[in-house]
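Grab a coffee and pull up the model. Below are a few short exercises, each with a solution worked step by step.

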Amino acid sequence: MKNILITALLLLTCLTHAQVEESSEKWQKIDSLEILGLVESADELTKDLIASAKQKEDHLNFLKAKIYHYKFHQIRHENSTNYILNDLNDVIEKVPAPYENILLSYKASFLEQYFQEIRWKSRNRSTIDNPDSGDLETWSLHNLQDSIQSIFEKSLKQEKELISTFTGEVETLLNPNYLNRQFKPTLFDVLAHRAIEYYSNTSNFTTPKPQGFFSLNSPELYSPTPDFASFPFPEASKNTSTVKVLKIYQKLEKLHLEERNTLPLIFAQLSRLQYVNDNYSASDKWQLFNTALDRLKKRYKNKQGTSLILVTRALDLYERSIVTDEEGKLENPDFLKQALYLAEKITNDYPNTDAAQRAYQLISAITAVKLDAKIPQTLSPKEPGRVYISYKALDSLEIKIFQIPENFPSLAHLQKKRFNNPGNHSKRTAF
């Protein structure tokens with residue numbers, strides 16, 4: 001598919017000094033050729049790197065070159081999905097863990113992008129009992145969704161290998177935001193959060209509420225890690241979106257609790273609490289959420305941990321500040337001020353942190369000027385009408401209302417014609 005551009009994993013490398021010296025010149029040339037639009041020449045150099053890295057068993061450089069080759073192949077060939085799929089399958093069988101896991105996660109993302117591209121125009125595809133594994137045209141949407149789920153699950157196998165691989169060794173799996181690296185210190189963290197991102201979207205599942213659907217209505221889901229990690233889920237619900245997400249969080253929190261790795265543990269706990277709260281079905285969700293945040297704040301008093309907890313609370317206050325009752329009145333009119341106070345405190349007390357960056361974004365959203373007016377499309381003659389004005393971050397607002405003739409649109413059109421007529425320069429009037 002021509003429009004499916006690979007954006008999933010950017011596999012840069014963390015190699016020995018000798019390996020970097022040997023390959024860096026070629027990579028610089030490949031990047032230069034790509035910038036100039038000479039994709040075919042760039043692809044030829046990429047193929048040379050693939051062959052060289054394969055011979056030296058330089059897996060990271062090999063994976064990077066493969067990903068670049070797939071990107072260039074997509075640009076040069078309109079129908080490239082089956083070629084990439086089959087080549088991925090071949091490479092996955094030949095590389096060891098954890099490189100196999102990296103490619104599995106990449107394959108899942110590649111298929112997800114393909115699914116998003118064709119989901120609407122191919123929603124009536126018939127289901128084939130035995131689709132061709134190398135021909136995506138024979139896969140139904142259900143086949144695709146089930147395969148993506150399964151591949152993400154496989155990408156998290158061989159946990160010990162993934163846990164022992166630090167992100168510094170494959171640092172390109174992280175976004176180029178170095179402030180975030182400390183929250184995902186291992187390859188398992190990176191791939192787990194990628195799987196969570198997919199599983200969290202219930203629309204990626206064939207049936208949003210399948211048999212055995214698990215409803216989030218248990219207060220224990222807000223519990224501290226030791227209790228949450230041992231929370232039992234019904235066997236019948238193991239393939240549901242919710243349970244898949246929560247089981248991964250159980251593994252992440254248990255891992256970092258055992259290793260006493262505070263920041264990744266706090267990050268995983270807050271992510272889990274936010275996910276639970278977003279999907280919780282009982283009425284006491286906000287009380288449970290705030291209690292959990294208070295508990296975390298009391299337990300973890302280091303700089304980074306406290307800032308993460310505070311920014312989570314500030315964002316929560318901001319989201320809840322717009323909630324209205326049945327009469328349209330704000331239920332929490334002071335929450336916006338509280339959110340702004342917390343955000344400013346974070347930027348002052350915890351500068352140069354990820355939380356501070358998020359707090360700055362929140363301050364911008366809160367303080368941004370906003371003005372909106374709504375007027376009924378039709379007003380009865382000589383009858384009073386209403387104008388709804390909403391505004392934010394303004395100290396004052398002055399409104400002027402003018403009476404205009406009924407044929408105003410016609411007059412405006414005539415005035416525009418006079419203004420644009422080159423023969424009537426002396427009659428032009430600013431309007």
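**Warm-up: the whole chain**

The chain's secondary structure comes to 16 helices and two strands. Keep in mind that this is a predicted model. Of the 431 residues, 42% count as buried. The accessible surface is about 25,400 Å², and 50% of that belongs to carbon and sulfur atoms.

**Exercise 1**

Work out whether arginine 272 is buried or exposed, and list its contacts.

*Solution.*
- Step 1: find the residue. Arginine 272 lies in helix 11, which covers residues 262-279.
- Step 2: check its relative accessible area. The value is 1%, and buried means under 20%, so arginine 272 is buried.
- Step 3: look at what it touches, leaving aside neighbours within four places in sequence. Arginine 272 is in contact with Leu221, Tyr222, Ser223, Pro224, Thr225, Phe228, Leu246, Tyr249 and Glu253.

**Exercise 2**

Classify the ring pair of tyrosine 68 and phenylalanine 72 as stacked, tilted or edge-to-face.

*Solution.*
- Step 1: count the pairs. The chain has ten aromatic pairs.
- Step 2: take the geometry of this one. The ring centres of tyrosine 68 and phenylalanine 72 are 6.0 Å apart and the planes meet at 75°; over 60 degrees counts as edge-to-face, so that is what this pair is.
- Step 3: place the two residues. Both sit in helix 3 (residues 59-76), four residues apart, or about one turn of the helix. Both are buried, too.

**Exercise 3**

Find which lysines sit over aromatic rings, including those of tryptophan 27 and tyrosine 199.

*Solution.*
- Step 1: start at tryptophan 27. Lysine 64 lies over its face, 3.8 Å from the ring centre.
- Step 2: go on to tyrosine 199. The charged end of lysine 244 sits over this ring, at 5.3 Å from the centre.
- Step 3: see what else tyrosine 199 belongs to. Together with Phe152, Tyr198 and Phe205, Tyr199 forms one aromatic cluster.

**Exercise 4**

Compare the loop settings of glutamine 158 and asparagine 352, and say how exposed each one is.

*Solution.*
- Step 1: glutamine 158 is in the loop between helix 6 (141-155) and helix 7 (159-163). Its phi is near 55°, a positive value in a residue other than glycine.
- Step 2: with a relative accessible area of 43%, glutamine 158 is partly exposed.
- Step 3: asparagine 352 is in the loop between helix 14 (335-349) and helix 15 (354-367). Asparagine 352 isn't a glycine either, yet has a positive phi of about 60°.
- Step 4: asparagine 352 has a relative accessible area of 68%, so it is exposed.

How values were computed. Residues numbered from 1 in each chain as written. Predicted model: local features only at pLDDT ≥ 70, side-chain atom pairs only at ≥ 80, totals over all residues. Heavy atoms only, no water. Buried < 20%, exposed > 50% of the residue type's maximum accessible area, 1.4 Å probe, protein only. Contact = heavy atoms within 4.5 Å. Areas by Shrake-Rupley, 256 points an atom, 1.4 Å probe, with all protein chains shown as cover. Phe/Tyr/Trp six-rings, centres within 6.5 Å; stacked < 30°, edge-to-face > 60°. Lys NZ or Arg CZ within 6 Å of the ring centre and 35° of its normal.
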